[in-house]
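Thanks for sharing this one. Here are a few notes to read alongside the structure, starting with the ligand and ending with the cysteines.

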Amino acid sequence: MDRLSSELTLGILGGGQLGRMSAMAAARLGISVVIFCPDEDSPASHVSKETIIAQYDDKAALQKFSNKVDAISYEFENIPVETIDYLNSLRQSPVLPDKTLLHVSQDRIKEKTFLNEHGINTARWNEVSNISDIENTIKQWGGAEFILKTTRFGYDGKGQIKSSLNDAVLGDFLKETTGQALIMEELVEFSCEASVIIARDIEGNSETYGPMLNEHENHILHKTTVPASLSKSIEDKTIKITTNIARYINLTGVLTVEFFICKDGSVLVNEIAPRTHNSGHWSIDACCISQFENHVRTVCGLLVGSTDRHSDATMLNLIGDDVNNIPALLDAPHACLHLYGKKQARDGRKMGHITFLKSKGA
Ligand code: AMP
């Protein structure tokens, strides 16, 4: 480390659980955190030195935030690009990862175009805006089923449907999304889903976590297992693609790549998240240096740390009423509980997670 970290203050845009866990990692390094978000009582605010509660277009509040910090990052991708531009224009603290990545990952069409232009395979896709575009695409591709997604602001299955031409939900979806750009994707018959997280520092050194094996329920991540038990050649492909993406965009910070692993051994990128990821939460308990510590280190100008894993791990998300099962889940050996301080358990709301550790290879 080239600077005593207790002199540093990190600003984080967004107040959710990812910001909370980065703030906790920062605290371990003696780095103070200031959160900027529009919500009162956010999970990240509970563990940070200060929170500025304001809208993302409040320039006076952004100026105040910028004055207080040495580095700025974000914990979710739907921060308006104008907010980042304004913070950068103040020429005080650069926002990292830089705006190119945010721009690409906020829009599924830009994201797929970026990937394909760099020779990285994705599901076949087409930009569509009405039923006749969809019919024409089906004629071109063949097959019956497809996935339709809004190009922006989708997460955890929101803003997307699996459908076919005669499906009643298709008309409803097109009505609901009138005026929004849509992307149609071929339905990938994957054998499993995986992800890789990379942290890259200002000097271009990088370290990766995974690949992790991810299982979803109702489109929300339910379980992550590491190691993923994929073949060596598939592991290598996912790590190489992730490392290349980080290099292409000259990443400083953390990004995550989500993959479909196909039955024929080919690998498709589903999406890129410009941040730490739910599939990397196990790294808090199973690695000396977690994804959150590496997020803090890299955006604060410190060197990336080793991602070596001392234990194998399975992480279970606690979603909504799952919190009622905590006592039974904690009966398992080496269960590490993390709760996000959210007062109300609602359907689909991520309340916390549990990581179960076991000896490597056991
Ligand atoms: P996304 O919001 O794009 O990450 O999609 C959420 C989940 O929907 C993914 O993790 C997959 O399980 C599923 N999914 C998304 N796109 C496709 C696709 N083209 N083919 C098959 N499943 C998909």
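1. In this predicted model, a backbone N or O atom of Glu-186 sits 2.9 Å from a nitrogen atom of the ligand. Two side chains also make polar approaches: a polar side-chain atom of Glu-271 is 2.9 Å from an oxygen atom of the ligand, and one of Gln-160 is likewise 2.9 Å from an oxygen atom of the ligand.

2. How much of the ligand's accessible area does the protein cover? Of the 470 Å² that the ligand has on its own, 92% is covered by the protein.

3. The ligand is surrounded by 16 residues, and the closest are Lys-149, Glu-186, Val-188, Glu-193 and Glu-271. Sorted by class, this shell holds seven charged, five nonpolar and four polar residues.

4. If you want to trace the shell on the fold, look at the strands. Those giving two or more residues to it are strand 6 (146–150), strand 8 (182–186), strand 9 (190–200), strand 12 (253–262) and strand 13 (267–273). Because domain 2 (124–186) and domain 3 (190–359) both contribute residues to the shell, the ligand lies between these domains.

5. Now for the cysteines: how many disulfides are there? The count is zero. For Cys-37, the nearest cysteine sulfur belongs to Cys-300 and is 19 Å away, whereas a disulfide would need the two sulfur atoms within 2.5 Å.

6. Are these two cysteines buried or exposed? Cys-37 has 1% relative accessibility, so it counts as buried. Cys-300, at 13% relative accessibility, also counts as buried, because the cut-off is under 20%.

Note on methods. Residues numbered from 1 in each chain as written. Predicted model: local features only at pLDDT ≥ 70, side-chain atom pairs only at ≥ 80, totals over all residues. Heavy atoms only, no water. Near = heavy atom within 4 Å. Polar contact = N/O pair within 3.5 Å; in protein donor to acceptor, adjacent residues only side chain to side chain. Areas by Shrake-Rupley, 256 points an atom, 1.4 Å probe, with all protein chains shown as cover. Helix = DSSP H or I, 4+ residues; strand = E, 2+ residues; numbered from the N terminus. Nonpolar A, V, L, I, M, F, W, Y, C, P; charged D, E, K, R; others polar. Domains from an automatic or database assignment. Buried < 20%, exposed > 50% of the residue type's maximum accessible area, 1.4 Å probe, protein only.
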